[in-house]
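Please look at the sequence and the structure together before reading on. The paragraphs below then lead through the model step by step.

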Amino acid sequence: MTSVEADSLTREYEVLGMHCGGCATKVESALSVLPGIDSVKVNLENAKAQITMAKDIPLQTLNVAVAGVGAYHLETAHTPAEHFAMTHRSNEHSSGTTAGSYYPLFLVVGFVTAFSIILSLKSAPTIESWMGYFMSLFFVAFSFFKLLDIRGFALSYSSYDIIAKRWIGYGYVYPFLELALGIAYLLVPMSTILNILTTTIMSISIIGVIESVTNKRKIQCACLGTVFNLPMGTVTIVEDALMIVMAVAMLVFAKV
């Protein structure tokens with residue numbers, strides 16, 4: 001065994017943004033040409049990269065390399081010991097973990113509900129006016145958190161959304177779509193075009209969420225961007241479905 005081989009380091013990283021074999025190949029190629037890299041093995045199935053290097057290369061350097069070939073991002077993978085510790089803690093506190101992890105989402109929706117009721121009572125206390133205010137505040141609030149780290153959101157969103165998987169740019173556009181919908185619901189909540197557009201966008205969005213939950217994939221929900229580490233789950237489906245139901249209801253009210 002040579003001294004180089006003896007001193008080599010092997011690190012494992014999680015790779016965000018991959019959705020096909022071509023992505024895995026690009027990430028592997030981009031990393032392989034870096035000085036000090038001995039070998040790279042990228043596994044698309046578990047989204048991991050195993051890198052053997054002659055010296056410890058900073059994570060930032062690796063990310064600069066993969067960012068040059070696409071919207072990819074590396075994160076340090078948990079060691080088996082860390083994984084065991086997290087799992088152990090999760091099992092010990094399973095009764096409160098799920099509710100606690102969704103606390104930010106419940107809090108935001110709670111504020112949106114309360115303020116939409118107040119605004120509705122102040123103007124025209126009808127179910128239509130309340131839904132209009134609710135949807136406006138909902139979309140504005142959720143777009144705000146996504147825009148705090150739009151690149152991080154786009155990368156996370158591309159791991160499960162059916163459009164963002166194929167075109168990462170949709171992840172950058174989506175927060176602005178939500179912001180536009182929020183402003184539109186404040187101005188013309190009963191617009192037929194607006195409610196059809198909302199139903200279409202949210203129906204597309206919910207497909208990827210349902211697929212992830214059905215396949216029990218352990219990925220981060222991007223509904224509040226990357227500010228909060230929300231797990232993908234049934235609550236996320238309910239959140240998207242709520243907007244679809246409300247948009248359809250507004251269409252019905254507009255016809256009556």
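What follows begins with confidence, moves to a cavity and a serine that lines it, and ends at a loop.

This is a predicted model, and a reader new to the structure may wish to begin with how confident the predictor is in its parts. The mean pLDDT of the protein is 82, and 82% of its residues reach 70 or more. Confidence is highest in helix α9, at a mean of 94, whereas the lowest value belongs to helix α4, which spans residues 80–92 and has a mean of 43. Over residues 79–97 the pLDDT is below 50, and this stretch has 4 contacts in the model once near neighbours in sequence are set aside. At the start of the chain, residues 1–6 also have a pLDDT that stays under 50, and for them the model has 1 contact beyond four places in sequence.

With that in mind, the interior can be considered. The model has 1 cavity of 30 Å³ or more, and the volume of the largest cavity is about 90 Å³. Its lining is made up of 15 residues, and those that lie nearest the centre of the cavity are Tyr 157, Tyr 160, Ser 205, Cys 223 and Asp 240. Two or more lining residues come from each of the elements α8 (150–157), α9 (169–187), α10 and α11 (234–255). Sorted by character, the lining of this largest cavity holds 9 nonpolar, 2 polar and 4 charged residues.

One of the residues nearest the centre of the cavity, Ser 205, deserves a closer look. Ser 205 belongs to helix α10, which runs over residues 192–214. Is this serine buried or exposed? Ser 205 has a relative accessibility of 4%, and because buried means under 20%, it counts as buried. Leaving aside residues up to four places away in sequence, Ser 205 touches Tyr 157, Asp 161, Tyr 174 and Asp 240. With Tyr 157 there is also a polar contact, made between the two side chains at 3.3 Å.

The last stop is a residue in a loop, where the backbone calls for attention. Most residues other than glycine have a negative phi. Ala 47, however, has a phi near 55°, a positive value in a residue other than glycine. Ala 47 is placed in the loop between strands β2 (37–43) and β3 (48–53). Its relative accessibility is 24%, and Ala 47 therefore counts as partly exposed, since that class lies between the 20% limit for buried and the 50% limit for exposed.

Note on methods:
Residues are numbered from 1 along each chain as its sequence is written. This is a predicted model: local features need pLDDT of at least 70, side-chain atom pairs count only at pLDDT 80 or more; totals for chains, interfaces and linings use all residues. Side-chain values use heavy atoms; hydrogens and water are left out. Helices (H or I, at least four residues) and strands (E, at least two) are DSSP runs, numbered from the N terminus. Buried means under 20% relative accessible area, exposed over 50%, partly exposed in between (1.4 Å probe, protein chains only). A polar contact is a pair of N or O atoms within 3.5 Å; within protein, one must be able to donate a hydrogen and the other to accept it, and residues adjacent in sequence count only if both atoms are side-chain atoms. Contact means heavy atoms within 4.5 Å. On a 1 Å grid over the protein atoms alone, a cavity is a set of points where a 1.4 Å probe fits but cannot get out, and a pocket is an open set with protein on both sides within 12 Å along at least five of seven lines; lining residues have an atom within 4 Å of a point. Grid points are joined across faces, edges and corners, and a volume is the space filled by probe spheres set on the points. Ala, Val, Leu, Ile, Met, Phe, Trp, Tyr, Cys and Pro count as nonpolar, Asp, Glu, Lys and Arg as charged, and the others, Gly among them, as polar. pLDDT is the predictor's confidence in each residue, from 0 to 100.
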